[in-house]
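Biologist: Please take me through one part of this protein in close detail. I would like to start with a charged pair and then work outwards.

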Amino acid sequence: LERCENIELLRAVVRPPADPAKRQEIERLRSQLAEVRALCRVGRLNEGLAAAAPLERSARDVEYGPLLAEVLIAVCLLHEEQGAMEDAARRSEEALLTAMACRHEESAAEAAALLVGHASGYGEPKIEAAEVWSRIAEALLRRIGGHDLLWGWLFTNRAVIRAKQGRIIEALEDARLSLGAKEKALGADHPDVGFSVGNIAVYHDELGQLAEAVAHGGRAVEIVERGLGPDHPRVALFLSNYSEYLARSGRWDEATVAAARALAIFEREADPDGMYVFVSLTALGMAHLGAGRIDEALPLLERANRLGDARAPTIAYRGQVRFALARALVGAGREQSRGVALAATAQQDYAQSPPTPTNQREIATIDV
């Protein structure tokens with residue numbers, strides 16, 4: 001209804017091609033696109049990517065820019081849900097350029113908002129690029145008017161920029177703006193709203209506000225699980241985060257259950273050597289370690305450490321795994337010198353990270 005009331009947005013909608021045969025082919029491909037989007041929504045990511053590959057080829061062959069932009073965004077979102085951020089970024093950048101060339105402004109705004117997250121959120125952040133994409137997305141959204149949901153996602157991804165810069169209070173403010181925009185567009189119980197609640201939990205945790213992180217983290221899991229089902233990859237993401245807050249609160253058994261669920265989902269639907277498997281391995285390993293179950297923790301942390309250089313979403317995350325593995329090795333009476341070396345490297349990782357209260361607290365615990 002919001003889009004139907006927006007005259008400027010309706011006028012910006014691109015026209016279908018004049019050729020009837022080409023229009024018919026585009027309608028056929030749009031039906032396939034709807035199926036791909038549905039597979040993404042229900043978390044069947046591998047099936048979605050398998051269906052998207054021939055669809056993307058056909059969309060290129062038909063040479064109709066608006067369709068190609070929409071297909072590229074759908075493929076981008078599938079890669080993003082799996083944690084394959086480089087693949088997602090390539091698709092979102094091509095989607096933005098394609099959409100702008102054919103004046104498909106809504107897809108251009110969506111692609112630009114996605115690029116903010118891809119540039120800032122994972123691996124080595126590209127903060128200057130993320131700032132540029134953010135301004136482009138904001139300009140496009142102001143031009144088309146309305147669209148609270150895309151504003152919500154832009155605020156979500158802009159918050160990540162601020163967090164990477166160590167500006168956690170501003171990140172929390174943007175996360176709250178995101179929550180407000182999404183609640184306005186979707187209501188209070190939609191899974192996308194749960195995503196914003198989960199991000200609020202992340203920033204409370206970064207500020208050392210653990211009780212608030214646990215409360216928001218638990219609420220995020222409830223909202224997303226109720227909307228998407230218990231085995232959806234997005235549920236796994238928030239279970240993994242929630243596990244970390246529970247572990248830091250000393251609730252080891254609850255943390256173990258949450259992290260084990262997350263790992264099982266990601267190993268089924270994501271890259272087994274990818275970022276999301278890395279984060280859930282870390283959460284589960286640390287939960288076992290905190291509970292004193294060192295034999296269970298060691299293989300998990302060893303595997304996470306092997307993935308860390310390439311797959312850790314932040315330098316601090318990599319340091320967290322290294323220090324946890326160091327404690328496990330020393331606690332098990334194994335490879336003491338390696339444990340000390342890992343702890344020293346973890347100290348350097350934290351020193352290179354933004355000086356958030358959480359990072360400062362973690363570096364203070366390392367004594368080598």
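Is Arg-248 buried, exposed or partly exposed, and what is its relative accessibility?

Modeller: A caution before the answer: this is a predicted model. Arg-248 counts as partly exposed, because its relative accessibility is 26%. Its side chain meets that of Glu-244 in a salt bridge, with 3.6 Å from N to O. Both residues sit in helix α13, which covers residues 233–248. They are 4 residues apart there, so about one helical turn separates them. An α-helix has 3.6 residues a turn, so residues three or four places apart point the same way. Glu-244 is buried, because its relative accessible area is 9%. So the pair joins a buried Glu-244 to a partly exposed Arg-248.

Now to the other salt bridges. The structure holds 33 of them. One joins the side chains of Asp-189 and Arg-226, at 3.5 Å from N to O. Asp-189 lies in the loop between α10 (168–186) and α11 (191–206), while Arg-226 is in helix α12 (residues 210–228), so this pair ties together parts that are 37 residues apart in sequence. Asp-189 and Arg-226 are both exposed.

Another joins Glu-335 and Arg-338, at 3.6 Å from N to O. Glu-335 lies in the loop between α17 (315–331) and α18 (336–351). Its phi is near 45°, a positive value in a residue other than glycine. Glu-335 counts as partly exposed, because its relative accessibility is 45%. Arg-338 is partly exposed too, with a relative accessible area of 26%. There is also a network: salt bridges link Glu-56, Arg-60, Arg-91 and Glu-94.

Glu-63 is another non-glycine residue with a positive phi, near 55°. Glu-63 is found in the loop between α4 (45–62) and α5. With 65% relative accessibility, Glu-63 counts as exposed.

Set against these pairs is Glu-80. This residue lies in helix α5, residues 65–82. Glu-80 is buried yet has no salt bridge. Arg-234 is the nearest side chain of opposite charge, and it is 5.3 Å away. The cut-off for a salt bridge is 4 Å, so a gap of 5.3 Å does not qualify. What does Glu-80 touch, leaving aside neighbours within four places in sequence? The contacts are Met-85, Ala-88, Leu-114, His-118 and Tyr-276.

Two of those contacts are worth following. Take Ala-88 to begin with. Ala-88 is found in helix α6, residues 85–101. Its relative accessible area is 0%, so Ala-88 is buried. Not counting residues up to four places away in sequence, Ala-88 touches Cys-76, His-79, Glu-80 and His-118.

Tyr-276 leads to the cores. The largest nonpolar core has 55 residues. Within this core, Tyr-203, Phe-266, Tyr-276, Phe-278 and Leu-281 touch the most other members. Apart from it lies another core, of 47 residues, which includes Leu-33, Ala-88, Ala-113 and Val-116. So Glu-80 contacts Tyr-276 and Ala-88, with Tyr-276 in the largest core and Ala-88 in the other.

Helix α15 runs over residues 275–290. Its 16 residues should span 22 Å at 1.5 Å a residue, and the end C-alpha atoms are 22 Å apart, which agrees. Of those 16 residues, 15 are buried, so α15 is largely enclosed by the rest of the structure. Just after α15 comes Gly-292, with a positive phi of about 85°.

Cys-76, touched by Ala-88, raises the matter of disulfides. The structure holds 0 disulfides. For Cys-76, the nearest cysteine sulfur is that of Cys-40, 9.4 Å away. A disulfide needs sulfur atoms within 2.5 Å, so this pair does not form one. Cys-76 is buried, with a relative accessible area of 0%. Cys-40 also counts as buried, at 12% relative accessibility.

One last buried charged residue is Arg-162, which has 12% relative accessibility. Its place is in helix α9, residues 148–164. Beyond residues up to four places away in sequence, Arg-162 touches Glu-131, Arg-167, Ile-168, Glu-170, Ala-171 and Asp-174.

Methods. Residues numbered from 1 in each chain as written. Predicted model: local features only at pLDDT ≥ 70, side-chain atom pairs only at ≥ 80, totals over all residues. Heavy atoms only, no water. Helix = DSSP H or I, 4+ residues; strand = E, 2+ residues; numbered from the N terminus. Buried < 20%, exposed > 50% of the residue type's maximum accessible area, 1.4 Å probe, protein only. Lys, Arg positive; Asp, Glu negative; His and termini not counted. Contact = heavy atoms within 4.5 Å. Expected span 1.5 Å × (residues − 1). Core = buried A, V, L, I, M, F, W, Y, C linked by side-chain atoms within 4.5 Å.
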